[in-house]
Amino acid sequence: MNNKQITSKNKCTLAFGLGLAFFVTVLIGLISVAWWIGQILVDQKNSPVSLIVISGEMPYTQRDDVLNAINKVDLDNFFKVNVNDIQKYVSTLPWVYSVAVRKQWPNEVKIYIVDQTPVASWNGDFLLNQFGKAFQADTTKLNLSLPQFFGPEGSELLALENFISLNGLLEYRDLTIDELVLSERFSWQLTLSDGVLLNLGREERVKRIQRFMDVYPLIKRQLAEKNN
């Protein structure tokens, strides 16, 4: 064997050794990283939820209301926290219309809430939202005056739809509906913002409103002359 062959063999042996050393080093590094990540996961597995972020459209529901609602939920283990339980409890709050809950690793729960939008009082004891759904809530939190609706159970949406359409007509004369009454026989009665009481009956409500608006300027002038 000549010197060139020996030199070439030594180079191959050196390259193999260096390659093997690099492979072993990388393998040890990967094992170390995996062990480190495993330790973090083990540590985090038993970590509690330490941050609750509450946001959304909440003019009526308060943060304390939400925290009190979920005080039965075990937050001591992040991975075992059931977001459905949180959603269920928060949904029972009277002003809450919808709620979404999600967890964010490693220790955070995010709760997004949308409150009801009250548009009218219903039969004195309930409120109606913008979809004609009745709900009960603390009306002392209201900072606006709502029209009063009265009607048979199950007629909530019908009352709201007619309120919107008839109120839209009355706005032409700068009038609004303060009270709407729907009888058991579905006869309609309105009390307007100026105190005028309108009995519209069961049929042709729109035509009767239009006829009223035609003569309203005359009625208003006569009332003004009478008061003077």
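User: At 25% relative accessibility, does Y89 count as buried, partly exposed or exposed?
Analyst: Let's place Y89 first: it lies in helix 3 (residues 83–91), with helices (H or I, at least four residues) and strands (E, at least two) taken as DSSP runs numbered from the N terminus. Buried means under 20% relative accessible area, exposed means over 50%, and partly exposed lies in between, using a 1.4 Å probe and protein chains only. Because its relative accessibility is 25%, Y89 counts as partly exposed.

User: Good start! At what pLDDT do side-chain atom pairs count in this model?
Analyst: Some housekeeping helps here: residues are numbered from 1 along each chain as its sequence is written, and side-chain values use heavy atoms, leaving out hydrogens and water. The model is a predicted one, in which totals for chains, interfaces and linings use all residues and local features need pLDDT of at least 70, while side-chain atom pairs count only at pLDDT 80 or more.

User: Which residues does Y89 touch, not counting those up to four places away in sequence?
Analyst: Contact here means heavy atoms within 4.5 Å. V99 is 10 residues from Y89 in sequence and 9.9 Å away in space, C-alpha to C-alpha. Leaving aside residues up to four places away in sequence, Y89 touches A69, I70, K72 and V73.

User: Zooming out, what percentage of the contacts between residues at least 6 apart in sequence join residues at least 24 apart?
Analyst: The chain has five helices and 10 strands. Of its 228 residues, 29% are buried. Among contacts between residues at least 6 apart in sequence, the share that joins residues at least 24 apart is 49%.

User: How far does helix 4 reach from its first C-alpha to its last?
Analyst: Helix 4 covers residues 156–170, which is 15 residues. The expected span of a helix is 1.5 Å times one less than its number of residues. The reach of helix 4 is close to the expected value of 21 Å, and is itself 21 Å.

User: How are helix 4 and helix 5 oriented, roughly parallel or roughly antiparallel?
Analyst: Two packed helices are described by the angle between their axes and the distance between the axes. Axes are lines fitted to C-alpha atoms, for helices over the stretch in contact, with angles running from 0 to 180 degrees between N-to-C directions; under 35 degrees counts as roughly parallel, over 145 as roughly antiparallel, 65 to 115 as roughly perpendicular, and the rest as oblique. Helix 4 packs with helix 5 (residues 205–227) at about 20 degrees, their axes 10 Å apart. This angle is why helix 4 relative to helix 5 is roughly parallel.

User: Which residues of helix 5 make the contact with helix 4?
Analyst: By class, this contact has seven nonpolar, one polar and one charged residues; Ala, Val, Leu, Ile, Met, Phe, Trp, Tyr, Cys and Pro count as nonpolar, Asp, Glu, Lys and Arg as charged, and the others, Gly among them, as polar. Helix 4 contributes N162, L166, L169 and L170. Helix 5 contributes R205, V206, I209, F212 and M213.

User: Which residues does N162 touch beyond four places in sequence?
Analyst: N162 lies in helix 4. At 8% relative accessibility, N162 counts as buried. Not counting residues up to four places away in sequence, N162 touches N167, W188 and R205.

User: And F212: what separates its C-alpha atom from that of L170?
Analyst: F212 is found in helix 5 and counts as buried at 9% relative accessibility. Its contacts, not counting residues up to four places away in sequence, include L170, L175 and L192. F212 and L170 are 42 residues apart along the chain, and their C-alpha atoms are separated by 9.4 Å.

User: Any backbone oddities? What is the phi of D174, which is not a glycine?
Analyst: Most residues other than glycine have a negative phi, and most peptide bonds are trans. D174 is found in the loop between helix 4 and strand 8 (177–182) and counts as exposed at 70% relative accessibility. Its phi is positive, at about 60 degrees.

User: Finally, what is omega for the cis peptide bond that joins W105 and P106?
Analyst: P106 is found in the loop between strand 2 (96–104) and strand 3 (108–115). The cis bond joining W105 and P106 has an omega of about 15 degrees.
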